[in-house]
Amino acid sequence: MSALLSIRSVSKAFAVGSNTVRALDTVSFEVAKGECLAIVGESGSGKSTIANVILGIYGATSGEMIFDGEPLDQTRTKRHRRRIQLVQQNPLSSLNPRRSIGASLRLALDVHDIGDRKARDAETGRLLEEVGLPADFRTRAPAALSGGQRQRVAIARALACQSELVVLDEPTSALDVLVQARVLRLLQDLKEKRNLTYIFITHDLSVVRNIADRVAVFERGKLVELGTTTDLFTTPKHDYTRRLIGAVPVVSREEAALRDRLMENDHADA
Ligand code: ADP
Ligand code: MG
């Protein structure tokens, strides 16, 4: 598989008063077309910063990014804005509360000239159905929806412009466990159906197990480990990764045994 996105030695520093926060420190990784790469790490490890740099919301302090063979600068071409989309943790902050669901979706279609103008209203209904909502939700306001339903709308909007790379920043972290599982299932189905590439950001390692092909572990702005999901869970190399896995809620006896083994190794190494 060829790389859809290459991140090369990207750093991002924030000036906070007289201090400098190194939110990203020479981070490099690639995302293959059709892959789901998870980015995990504790709060403050730089996960949202890399999402914002990939989206062009923040400029990198140094380093470069290549998207589908072209440099990805902070000033985006419309085409890059269409092809790379973000789904945030809180859909209320990304959906205009004064706009109906249908109008929000329609705007995405208008901005990116998707389909025939006359067909766009019908397309908003189709998009809603694609994310498991009734087409007549078009007329509703975001406030009239549940958290899970709103997140489905945010996903529909990210897909409306026929995006290819979707950066999901803690997309299910604000949802109840049951709703979380359903939204994850939806994301997996959409990925298959639309041949999408995901960067799936979460502080919760248990969420990535079913959805991610590979996992990148961030710690204080650095990428400290990158491997297949299976390798990461069975033979984590970095001490920090072991601790993260140790904090994952245990759901089966096999996992309990694995966790105990990892903990024993931890002590043996100490
Ligand atoms: P995460 O998403 O992993 O919780 P963030 O990427 O949000 O972490 O933050 C990484 C570090 O950068 C933190 O120390 C945070 O305080 C700092 N940071 C993030 N955004 C800003 C900003 N806009 N201004 C100053 N510091 C920031
Ligand atoms: Mg974050």
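**Exercise 1. Packing of helix H5**

Determine which helices the buried residues of H5 pack against in this predicted model.

*Solution.* Start with the residues of H5, which spans 120-130. Those that count as buried are Arg120, Thr124, Gly125, Leu127, Leu128 and Glu130. Their packing partners are helix H4 (101-111), helix H6 (147-160) and helix H7 (177-194). The spacing can be read against helix geometry: an α-helix has 3.6 residues a turn, so positions three or four apart point the same way. Finally, look just past the end of H5, where glycine 132 has a positive phi of about 85 degrees.

**Exercise 2. The largest pocket**

State the volume of the largest pocket, and find which elements give two or more residues to its lining.

*Solution.* The space in the largest pocket comes to about 520 Å³. Its lining has 21 residues, and those closest to the centre are Arg81, Gln85, Leu86, His112 and Arg157. Two or more lining residues come from each of helix H2 (78-83), strand E6 (84-87), H4 and H6. By class, the lining of the largest pocket holds 10 nonpolar, 7 polar and 4 charged residues.

**Exercise 3. Aromatic pairing**

Search the whole structure for aromatic pairs, then classify the geometry of phenylalanine 14 and tyrosine 58.

*Solution.* The search returns 1 aromatic pair. The ring centres of phenylalanine 14 and tyrosine 58 are 5.2 Å apart, and the planes meet at 80 degrees; since an angle over 60 counts as edge-to-face, that is the class of this pair. Next, place the two residues: phenylalanine 14 is in strand E1 (residues 3-16), while tyrosine 58 is in the loop between helix H1 (47-55) and strand E4 (62-67), so the pair ties together parts 44 residues apart in sequence. Phenylalanine 14, at 26% relative accessibility, is partly exposed; tyrosine 58, at 30%, is also partly exposed.

**Exercise 4. Charges over rings**

Identify the rings over which the charged ends of arginine 140 and arginine 209 sit.

*Solution.* For arginine 140 the ring is that of phenylalanine 137, with the charged end 4.1 Å from the ring centre. For arginine 209 the ring belongs to phenylalanine 233, and the distance to its centre is 4.0 Å.

**Exercise 5. Positive phi outside glycine**

Locate serine 9 and asparagine 195, and assign each an exposure class.

*Solution.* Serine 9, not a glycine, has a positive phi of about 55 degrees. It is found in strand E1, and its relative accessible area of 35% makes it partly exposed. Asparagine 195 also has a positive phi, near 55 degrees. This residue is in the loop between H7 and strand E8 (197-202). Its relative accessible area is 53%, and the cut-off for exposed is over 50%, so asparagine 195 is exposed.

Methods: Residues numbered from 1 in each chain as written. Chains lettered and ligands numbered in written order. Predicted model: local features only at pLDDT ≥ 70, side-chain atom pairs only at ≥ 80, totals over all residues. Heavy atoms only, no water. Buried < 20%, exposed > 50% of the residue type's maximum accessible area, 1.4 Å probe, protein only. Helix = DSSP H or I, 4+ residues; strand = E, 2+ residues; numbered from the N terminus. Contact = heavy atoms within 4.5 Å. 1 Å grid on protein atoms, 1.4 Å probe; cavity = no way out; pocket = protein on both sides within 12 Å on 5 of 7 lines; lining within 4 Å. Points joined across faces, edges and corners; volume = space filled by probe spheres on them. Nonpolar A, V, L, I, M, F, W, Y, C, P; charged D, E, K, R; others polar. Phe/Tyr/Trp six-rings, centres within 6.5 Å; stacked < 30°, edge-to-face > 60°. Lys NZ or Arg CZ within 6 Å of the ring centre and 35° of its normal.
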